Amino acid sequence: MSPLKPQASYDDFARLDIRIGKVVEVQPFPRARNPSYKVGVDVGAERIMWSSAQITNYEPAALLGSLVVCVCNFGAKNIAGFISELLILGAKDAAGNVIVLGPRSEVNVGEAVF
């Protein structure tokens with residue numbers, strides 16, 4: 001286990017735009033340094049947002065239509081020529097695979113996480 005990080009205030013947390021999104025497209029991303037997909041996510045914004053996600057332990061078909069938890073306001077990052085706009089949250093299992101975080105029940109796309 002890693003040690004706890006320094007304390008943050010609720011205001012720090014409240015500045016993050018964390019939402020439920022639905023995966024609507026998954027594309028290969030062969031130019032990425034680490035195995036990744038280009039993932040299009042509907043987060044209830046005016047357009048689909050994209051993420052470079054190291055979640056290749058999932059088949060693309062298993063990701064399509066799934067609900068995920070995303071941070072939407074970190075700002076765009078250029079990854080191997082691809083603009084990644086949001087972070088899909090996950091945690092590693094005992095084997096080191098990234099397990100995508102999602103709600104346990106059906107939740108509306110764009111719903112805020114608090």
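How many disulfides does the structure hold? In this predicted model, the count is 0. A disulfide is a covalent bond between the sulfur atoms of two cysteines. Cys70 takes part in no such bond, and the nearest cysteine sulfur, which belongs to Cys72, is 5.5 Å away. Seen from the other side, the sulfur of Cys72 has its closest cysteine sulfur in Cys70, and 5.5 Å is too far for a bond, because a disulfide needs the two sulfur atoms to be within 2.5 Å. Both residues are nevertheless hidden from the surface: Cys70 is buried, with a relative accessible area of 0%, and Cys72 is buried as well, at 12%.

Cys70 also leads into the interior of the model. The largest nonpolar core has 16 residues, and the members that touch the most others are Val39, Val41, Cys70 and Ile88. Which strands supply this core with at least two residues each? Strand S1 (18-28), strand S2 (37-42), strand S3 (49-53) and strand S4 (67-71) all do so. The greatest contribution comes from S2, which gives 3 residues.

Ile88 offers a good place to look at this packing in detail. Leaving aside residues up to four places away in sequence, Ile88 touches Val39, Val41, Ser51, Ala53, Val68, Val69, Cys70 and Val100. Apart from the largest core lies another one, made of 5 residues, including Ile18, Leu67, Val69 and Val71. Val69 is thus a member of this second core and is also touched by Ile88.

The surface can be explored next. Which residues form a nonpolar patch there? The patch is built from Tyr10, Phe13, Leu16, Phe74, Leu87 and Phe114, and together these residues have about 710 Å² of accessible area. One of them, Phe74, lies in the loop between S4 and S5. Is Phe74 buried or exposed? With a relative accessibility of 52%, Phe74 counts as exposed, since the cut-off for that label is over 50%.

A last stop is the backbone at Ala80. Here phi is near 50 degrees, which is a positive value in a residue other than glycine. Where does Ala80 sit? Its place is in the loop between strand S5 (77-79) and strand S6 (82-84). The relative accessibility of Ala80 is 29%, so this residue counts as partly exposed.

Key: Residues numbered from 1 in each chain as written. Predicted model: local features only at pLDDT ≥ 70, side-chain atom pairs only at ≥ 80, totals over all residues. Heavy atoms only, no water. Buried < 20%, exposed > 50% of the residue type's maximum accessible area, 1.4 Å probe, protein only. Core = buried A, V, L, I, M, F, W, Y, C linked by side-chain atoms within 4.5 Å. Helix = DSSP H or I, 4+ residues; strand = E, 2+ residues; numbered from the N terminus. Contact = heavy atoms within 4.5 Å. Patch = residues over 30% accessible without salt bridge, like charges linked within 9 Å, V, L, I, M, F, W, Y side chains within 5 Å. Areas by Shrake-Rupley, 256 points an atom, 1.4 Å probe, with all protein chains shown as cover. Salt bridge = Lys/Arg side-chain N within 4 Å of Asp/Glu carboxyl O.
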